[in-house]
Amino acid sequence: MKTILITGASGMIGTALAETLLEKGMKVIGTDSTANSINSPNYTFINANIEDKNAVSGILNGNNIDVLVHLACSVDNDFPSVITPAEEKKSAAVDKYLYKAAVDAGVGDIILLSTYQVYASQKTREPIRETADEKPSTAYAKMKYESEKALSKIISKSVSAKGVIARICPIYTKNFPDNLRTKIYDPKEGCSFIYGYGDYGYSFCCLYNFVDFVVGIINVAAGINYQGVYNVCDSKPIAAKDIVEFLRQHHKLGAVIQRNFGADSVKAAVTFGAKGAKTDYRYNDISLACSNISYDNTKAQRIATFRWKLSNTK
């Protein structure tokens, strides 16, 4: 029975992952600053702030951890959508000790939740692969990129530990539509909108695709090289019109107005670079709304099936 340590275990992502791992017969240790409601003989919750080096290192050293899944310091988990200097400082403090402490404790696998935002702006409409240039421009992207580099540095010095960096697109579930809603909602106007028939789309990641990916990494056959960077997202982008239909079916949406993309994109291009674009994880750059930017998850599909999508998410 493998023992998995999850940081940020009480967040939405951490709770879903812990429950699935327990169902798979694994032993799970969760740590966070607040408890969750998981009740299982194979689950242990330890109340500890992720910045508490002594507490977290003690957990790593005293429990024969096989896999560390680092979810703390992540949007949709412990952090809000607007990233402040305090959150950046907290993440940097964790990067300085966590990965080394894990390797020193004999942890064989470390999985980091990162973000698709680390990639540079693309000049073509080709799906973005893991080999694409990186140029993080938002506060959250820079924070996660630093965490990626910290993990990579420690792994490069280890003879046994492997590191997996999951660059994940915005998460959604049936009951968590916040990231979906952002793409069709204008907070300044206070209403939802769509361009044309809404045939343009966005890359997202159903929470359960990420969970399946982590389970796949943990269960990968011995001898298979699975470390490195992975794009973790649904296999197909979700069209704006499908977001509208999903929200109408499962949530309150209200009126949806049809707008002129040409006029909106010009205005957006002038205002891009504002503080909101840099600090708000869910900032919607209207100038890119109809670009249909997508991310290639072919590499990750060797690990998991990515069977979840908007039509069957739970």
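1. A quick term first: helices here are DSSP runs of H or I with at least four residues, numbered from the N terminus. With that in hand, Phe306 sits in the segment that follows helix H10 (275-279). Bear in mind that this is a predicted model.

2. Now the overall picture. The chain folds into ten helices and 14 strands. For 314 residues, a compact globule would come out with a radius of gyration near 20 Å, and the protein has 20 Å, so the two agree. The C-alpha trace spans about 60 × 35 × 35 Å along its principal axes, which is worth keeping beside that radius when you look at the model.

3. On burial and surface: 55% of the 314 residues are buried. The protein exposes about 14,600 Å², with 49% of that supplied by carbon and sulfur atoms.

4. Contacts and charges next. Take the contacts between residues at least 6 apart in sequence: 76% of them join residues at least 24 apart. As for charge, there are 37 positive and 31 negative ones, and their mean positions lie 2 Å apart.

5. Does helix H7 have the length you'd expect, or not? At 1.5 Å a residue, the twelve residues of H7 (residues 207-218) should span 16 Å, and the end C-alpha atoms are 17 Å apart, which agrees.

6. H7 is also the helix to look at for burial. Twelve of its twelve residues are buried, so the rest of the structure largely encloses it. The buried set includes Asn209, Asp212 and Phe213, along with Leu207 at one end of the list and Ile218 at the other. As a reminder, an α-helix has 3.6 residues a turn, so residues three or four places apart point the same way.

7. Asp212 belongs to H7. Is Asp212 buried or exposed? Its relative accessible area is 19%, and since the cut-off for buried is under 20%, Asp212 counts as buried. Setting aside neighbours within four places in sequence, Asp212 is in contact with Ala304, Arg307 and Trp308.

8. Back to Phe306, which counts as buried because its relative accessibility is 6%. Which residues does Phe306 touch, leaving aside neighbours within four places in sequence? Its contacts are Asn209, Phe213, Val232, Cys233, Ser235, Asn297, Ala300 and Gln301. Asn209 and Phe213 are both listed among the buried residues of H7.

9. One last distance, if you want a long-range reference pair: Phe306 and Lys53 are 253 residues apart along the chain, and their C-alpha atoms are separated by 35 Å.

Conventions: Residues are numbered from 1 along each chain as its sequence is written. This is a predicted model: local features need pLDDT of at least 70, side-chain atom pairs count only at pLDDT 80 or more; totals for chains, interfaces and linings use all residues. Side-chain values use heavy atoms; hydrogens and water are left out. Helices (H or I, at least four residues) and strands (E, at least two) are DSSP runs, numbered from the N terminus. The radius of gyration is taken over C-alpha atoms; the globule rule is 2.2 Å times the number of residues to the power 0.38. Buried means under 20% relative accessible area, exposed over 50%, partly exposed in between (1.4 Å probe, protein chains only). Contact means heavy atoms within 4.5 Å. Accessible areas come from the Shrake-Rupley method with a 1.4 Å probe; for residues, only the protein chains shown count as cover. Lys and Arg count as positive and Asp and Glu as negative; His and the chain ends are not counted. The place of a charge is taken as NZ of Lys, CZ of Arg, CG of Asp or CD of Glu. The expected span of a helix is 1.5 Å times one less than its number of residues.
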